[in-house]
Amino acid sequence: MSDWLGPQEWGAVALSLQVAFWAMMGAVVPGIFVAYALARWDFFGKQFVNVLVHLPLVLPPVATGYLLLVTFGTQGVIGGALKEIGVVFAFRWTGAALAAAVMAFPLLVRSIRLSLEAINPKLEQAAATLGASPVRVFFTVTLPLMLPGLLAGMVLAFAKAMGEFGATITFVSNIPGQTRTLPSAIYAFLQVPGGETAAMRLVVVSIVVAAGALILSEVLARRIAAKVGQA
Amino acid sequence: MSVEVQISQGFQGFDLDVSFQAPAGLTVLFGSSGSGKTTVINAVAGLSKPEQSRIVINDEVLSDSAVGHWLPPHQRSLGYVFQEGRLFPHMNVRKNLIYGNALAKGRAAVVTLDQVVEILGIGNLLERRPAELSGGEKQRVAIGRALLARPKLILADEPLAALDEPRKAEILPYFERLRDEFSLPVLYVTHSIAEVARLATTVVALKDGRVDRVGPAAEVLSDPSFTPMGPRAVGAVLEAKVVKHHEDGLTELSANGVALMLPQLSHAVGDQVRVRVAAHDVILSREAPKGLSALNIVAGKVHSVRAGGGPGAIVAVDTKAGRILARITRRSATALGLSEGVICYAVIKSVSVAPQDIGAR
């Protein structure tokens with residue numbers, strides 16, 4: 001595949017895989033926490049959190065990117081503080097991962113929340129009467145039962161992160177080898193004369209990755225559902 | 001060994017004030033839906049928190065609202081058998097069984113896994129998942145799971161209600177063994193008078209969030225004024241021993257020396273059984289009846305006559321076999337001159353004792 005793709009194109013694909021992987025991994029634990037809170041707890045400001053989480057889904061991605069730049073840029077409120085301890089997002093691949101994670105977050109949370117709400121809380125009560133502490137109940141009953149939704153959500157988040165463009169290019173620009181992800185590379189190739197074939201190759205890669213992710217999530221969800229006994 | 005329960009609450013539109021002591025054995029919380037029995041058992045389990053509560057098992061205080069003490073469910077050392085089994089769908093039967101066992105290392109084991117598997121006959125199910133089990137099999141596994149959690153108290157909330165009649169008959173004996181073979185107190189919720197008759201050592205009858213009756217099962221059930229399900233459901237419970245299986249298909253029982261004939265039972269000679277005699281299956285006679293097709297005629301003395309607002313009356317007759325209840329019309333009671341202390345004969349149709357009303361003990 002590295003023969004078929006040029007070094008620049010290959011770099012974009014590799015970077016995108018890296019960005020999407022870390023976006024997914026970074027989003028998963030907060031995603032579970034937020035989904036659990038929204039599904040199970042009643043707290044002040046729940047509706048606000050719900051809207052905030054879903055905002056990237058409906059906001060123009062460029063707006064999300066700009067907000068990220070304002071908060072996580074080196075001059076930003078959080079970005080400035082993080083810079084002090086050596087963590088920089090702006091114009092780095094880590095920033096691309098952050099943007100992708102934020103954009104994929106609503107999809108992940110929705111998927112986890114749906115599977116959480118399908119779990120009968122009476123099973124968790126049964127585990128408690130058998131001596132399981134709340135933490136143990138979560139890891140031995142709740143988590144295994146929501147695994148199909150969790151994995152489907154993770155694959156969906158990965159695919160979304162692979163394709164993220166607007167927020168990424170606004171937040172971390174389009175620097176070859178640093179922040180030029182697959183969609184950014186396609187965009188860049190289309191801006192220069194004679195770049196159509198390279199763009200087309202990257203589009204093919206995009207289709208393969210996206211379709212692969214969808215098939216994988218289906219297969220995983222079905223296998224786990226059968227194993228969990230909730231087909 | 002005893003369980004002390006005291007619960008009251010006046011909120012959520014449901015007023016509850018229940019207090020009772022359960023001695024060793026199986027205590028049935030009996031009542032219709034809305035009487036508060038599930039609220040009580042869930043408060044004992046720690047799954048719901050009433051306004052006021054004091055719950056003590058064998059000197060261990062699980063909750064005492066007076067001092068703000070409330071143990072969460074996982075610290076209560078219980079085994080809870082739910083109506084719907086509530087087996088974990090993602091674990092096989094073996095993992096379900098040992099789930100609580102592994103968490104209760106510090107306490108003395110009630111049974112081993114091998115014993116549970118043998119008692120409940122679930123050896124061939126161990127590798128299966130709950131989705132592959134029948135309703136009766138699920139409940140057997142649920143009983144085993146509760147026992148293996150090394151409990152100090154077993155709770156059961158209508159564990160047979162979701163099963164059909166044959167499955168009920170399949171599971172009932174396991175609760176009898178639970179009552180008789182383990183020195184564990186059991187708190188058992190039901191609205192079925194047949195289950196009360198068969199299983200209860202002690203009955204706590206609830207009505208509208210209050211304790212209506214409490215006492216030994218035979219005493220409460222043979223109280224003519226205790227008609228929780230209407231006068232038609234009244235019936236006394238007799239303790240008897242299997243004496244002989246006759247060739248003509250009848251089984252002879254002896255209730256404290258009084259012979260009773262029943263259609264063939266599967267119990268072995270010498271087994272102790274409980275027989276429930278429904279009040280509407282008993283006829284009373286002032287003189288020893290002659291030329292009657294009924295086989296079971298027991299002499300006794302009228303203990304009390306209780307007439308309600310309708311045409312019926314319930315007569316309690318003390319016999320050598322135990323107290324028997326008869327449901328007759330008020331007119332007959334007057335015509336026969338039945339009143340306290342009068343000698344009479346109770347005629348029980350032997351075919352009237354339904355098999356599901358008979359239990360080994």
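**Strand pairing, nonpolar core and chain contacts**

In the predicted model, B:V302 lies opposite B:V317, a residue of strand 18 of chain B. This pairing belongs to an antiparallel arrangement in which strand 17 (residues 296–307) of chain B is joined to strand 18 of chain B by seven bridges. Strand 18 of chain B also pairs with strand 19 (residues 322–329) of chain B, again in the antiparallel sense, and eight bridges connect the two. Within this second pairing, B:V315 is placed opposite B:A326 of strand 19 of chain B. Strands 18 and 19 of chain B form a hairpin, with two residues between them. Strand 18 of chain B, which spans residues 312–319, is mostly covered, as seven of its eight residues are buried.

B:V315 also appears in the description of the largest nonpolar core, which comprises 168 residues. Together with A:A100, A:A104, A:A161 and B:L155, B:V315 touches the most other members of this core. The element that contributes most is helix 5 of chain A (residues 93–117), from which 16 residues are drawn. In chain B, domain 1 (3–221) and domain 2 (233–360) both supply residues to the core, and the core therefore lies between these two domains.

The surroundings of A:A161 were examined with its neighbours within four places in sequence left aside. On that basis, A:A161 is in contact with A:V19, A:A20, A:A23 and A:M24, and also with A:A100, A:A101 and A:A104. Two of these partners, A:A100 and A:A104, are named with A:A161 among the residues that touch the most other core members.

A further position in chain A is A:P183, located in helix 9 of that chain (residues 182–191). A:P183 counts as buried because it has 21 C-beta neighbours inside 10 Å, the threshold for burial being 20 or more. When neighbours within four places in sequence are left aside, the contacts of A:P183 are A:G163 and A:F165. The C-alpha atoms of A:P183 and A:V13 are 9.3 Å apart in space, although 170 residues separate the two in sequence.

Contacts between the two chains were also counted. In total, 20 residues of chain B are in contact with 17 residues of chain A. The side of chain B that touches chain A consists, by class, of 14 nonpolar residues, three polar residues and three charged residues.

Definitions and conventions:
Residues numbered from 1 in each chain as written. Chains lettered and ligands numbered in written order. Predicted model: local features only at pLDDT ≥ 70, side-chain atom pairs only at ≥ 80, totals over all residues. Contact = placed C-beta atoms within 7 Å. Nonpolar A, V, L, I, M, F, W, Y, C, P; charged D, E, K, R; others polar. Core = buried A, V, L, I, M, F, W, Y, C linked by C-beta atoms within 7 Å. Buried ≥ 20, exposed ≤ 12 C-beta atoms within 10 Å, placed from the backbone. Helix = DSSP H or I, 4+ residues; strand = E, 2+ residues; numbered from the N terminus. Domains from an automatic or database assignment. Pairing = 2+ DSSP bridges.
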